[in-house]
Amino acid sequence: MSNMAHESLLTVSNVFKNFGDVIALDGVSLEINSGEIVGLVGSNGAGKTTLLRLMSGVYRPSRGSVTLADGNQVHNMRSTLGVVPESTGLYSRLTAWENIRYHSRLYGVSDETSWKRTLKFAESLEMEDNLSRYTRGFSRGMRQKTALLRALAHGPKVLLLDEPTAGLDITSARTVRSLVKQVRNEGGTVIYSTHQLYEAQQVCDRIIIIHNGVIKADGSPQELMSITECNSLEEAYVNLTQEKARMRFEDKKSDGPLGKLWNKLFKPKLPDKTELMGVDEDE
Amino acid sequence: MSNSFHRVKTIAKKEVIEFVRDWRTIVAIIIIPILMFPVLFIVFPVLLESEAAELDSRIIEIEVQGNQFPDQLIQQFNYSTTEITLTNVTFNESLSIPGDDFNRVRNMEIDAVLRLNQSEDIWYYSIIYLSTSEGSTEARSRIVDSLINWEANLTEVKILDGGLDVESTLDPLRYDGDISNSDVATEGEQAGLILSLFIPLVLAIWTFSSAIQPSIDMTAGERERGTLEALLGLPCTRNELLMGKWLGVASITGVGVMLQIVGLLFAIGYLATSDFIGVPDLSLGAILLIIASIMLFAIMVVALELALAMRSHSVKEAGSILGPAIILIIFPALFTQVINLDGIESFWFSIPVINVLLALRELLLDRVIVEHVLIWSSTSVLYAVLAALYAAKQFKREDIVTTLS
């Protein structure tokens, strides 16, 4: 754990999340304190996005609870959160500012307030000149920056970022990381999902390693290396996540009875290995 | 409550703005609806007339085959547009068997062949023609007209030869006066009857079809583009989200349907000046009930389409469900046209879709029957509520944030 003393802001208590028969999160408990950047690190399908969606109130836990400091369930108090999903979720036929304003209005924040906050952060992200442009032609980096501005415009206490630098060029990624630190320095809390250990080490005060729906470790980068007696975070990560990673599973539930029958009848089949072994290559 | 209303309004406003910024939407919801009926009722008849005139003025080549060629018949043809060739032929088999003329007509060497053969007092004839050729069909039509006139002449001669009066023999039963004066229905009611045959059909189909695109765009489209997840993380409830999107789709659909009605009324107004159709007589009550029935129908249809689209994982999947689903409207709509409104059993007014279509038909005839109004309005409210509940259930599914991509 980080040595910095902060008040608890968000508590995840013994949370289980199932999708059909598959357990996505298996008894996850953690506490997020104010004024820290917490990195959620794990491979694809580890449960990072599911955990973020639970913390943002998009999903409800199958068991357990996600509560804020005042004891309220997080899905009832979403106005204290700012969320940037992996897909950014921008409307291409709206301008950057219209995208930001739309969310701010739904948060119940006046246009004037959100405009002031947007301008403040837009300067750091060098986005002032792009606010009046349609997001249709935006690069991945510009989209990510706009989504960040949108998440910050209503003044959230906690910022939830799902792989915010994925697919960004070096300069854009640096700018995003620098903004995240700026938010933390101004007293905000950031939960940052990534599978890049180098980035997590650079940005996060605390790293939570999640693997196959279970939290494997929680602490500062130094603490994780110390626990595992490894010299690098990468080695520590490999050491902590030795079980074979599972596949993504969330869409498995979507097939209805007709879909299952269809898949049974028309599912493409791999060639039989024994048949292949019997085939002479010269033939 | 006011915050909730504010959020619903914000969502609806954004949906409309985003949708209207696509030029294809402008074409789909403004240009096409407003032009559809004027084109159908004004331009199309003009085009038909012009094509008919062109065919009338076309030179048609007809060969008349036989042993004898009655002058009275040949004179019936208009020589300015018809070229007649007389060919002496003796027939050994049925006149209808094309024989050598099969290829001549098919290859359009000639438009049609009229074969004549007299046996005792009777003239036998056949026409060899190609039904898939407009020229050949026109030739056949001109031959038939000429034969009818010639036959009338022959009949008159025979009646006179028999010492009878031609008119009283051929027309022993006659209507006295003007038929239109005997109909006690007013012109407005007659107009309402004509309109009731297609307005309900058009309203139902257009309401359903014009809601498809926005419904898909605002649900499966958002899901596919990944914008839905960001929206679900906001402090608005799923019901507010549904209400906002419903209001957005309903506004777009409402504009489309309204513009289509404007186009329809314009076309009717144009036709009214040509005495083809009048303006229906409708009481204020009937007009208000028409509006109420359409609104209830729209609530149900839009909620159902939003629900079905939200169930889909992609735009393609939603399109493949909602496209064919229009059959659910077309079949009842066609079925409703043949149901006799006089003495109709009340249960018809409780069947989904059919209830609103029948209500529209009755109301366009200005028939406000309290029992029927109570049944269709209460069942429509029930179906609208059920559709809204189903939509709400779909919007509360957790897997709506997952996408195929």
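This is a chat about the interface between two chains and one pocket in a predicted model.

Colleague: How many residues of chain A are in contact with chain B?
Modeller: In this predicted model, 29 residues of chain A are in contact with 29 residues of chain B.

Colleague: And what area is buried between chain A and chain B?
Modeller: About 2800 Å², with carbon and sulfur atoms giving 55% of that.

Colleague: Which three residues supply the most of what chain A buries there?
Modeller: A:Y91, A:R93 and A:L106, which supply 27% of the area that chain A buries against chain B.

Colleague: How many salt bridges are there between chain A and chain B?
Modeller: Five. One salt bridge joins the side chains of A:K17 and B:E398, at 2.4 Å from N to O. Between chain A and chain B there are also eleven residue pairs in polar contact, counting pairs with both residues at pLDDT 80 or more.

Colleague: Which helix of chain A gives the most to the side that touches chain B?
Modeller: Helix α2, residues 96–106, with five residues. The side of chain A that touches chain B divides into ten nonpolar, nine polar and ten charged residues.

Colleague: Changing topic, what volume does the second largest pocket have?
Modeller: About 620 Å³. The pocket is lined by 22 residues, and the closest to its centre are B:L203, B:I261, B:I290, B:I291 and B:I294.

Colleague: Which helix gives the most to that lining?
Modeller: α11 of chain B, with eight residues. α8 (187–218) and α12 (284–311) of chain B each supply at least two.

Colleague: How does the lining divide by class?
Modeller: Into 19 nonpolar, three polar and no charged residues.

How values were computed: Residues numbered from 1 in each chain as written. Chains lettered and ligands numbered in written order. Predicted model: local features only at pLDDT ≥ 70, side-chain atom pairs only at ≥ 80, totals over all residues. Heavy atoms only, no water. Contact = heavy atoms within 4.5 Å. Buried area = accessible area lost by both parts, 1.4 Å probe. Salt bridge = Lys/Arg side-chain N within 4 Å of Asp/Glu carboxyl O. Polar contact = N/O pair within 3.5 Å; in protein donor to acceptor, adjacent residues only side chain to side chain. Helix = DSSP H or I, 4+ residues; strand = E, 2+ residues; numbered from the N terminus. Nonpolar A, V, L, I, M, F, W, Y, C, P; charged D, E, K, R; others polar. 1 Å grid on protein atoms, 1.4 Å probe; cavity = no way out; pocket = protein on both sides within 12 Å on 5 of 7 lines; lining within 4 Å. Points joined across faces, edges and corners; volume = space filled by probe spheres on them.
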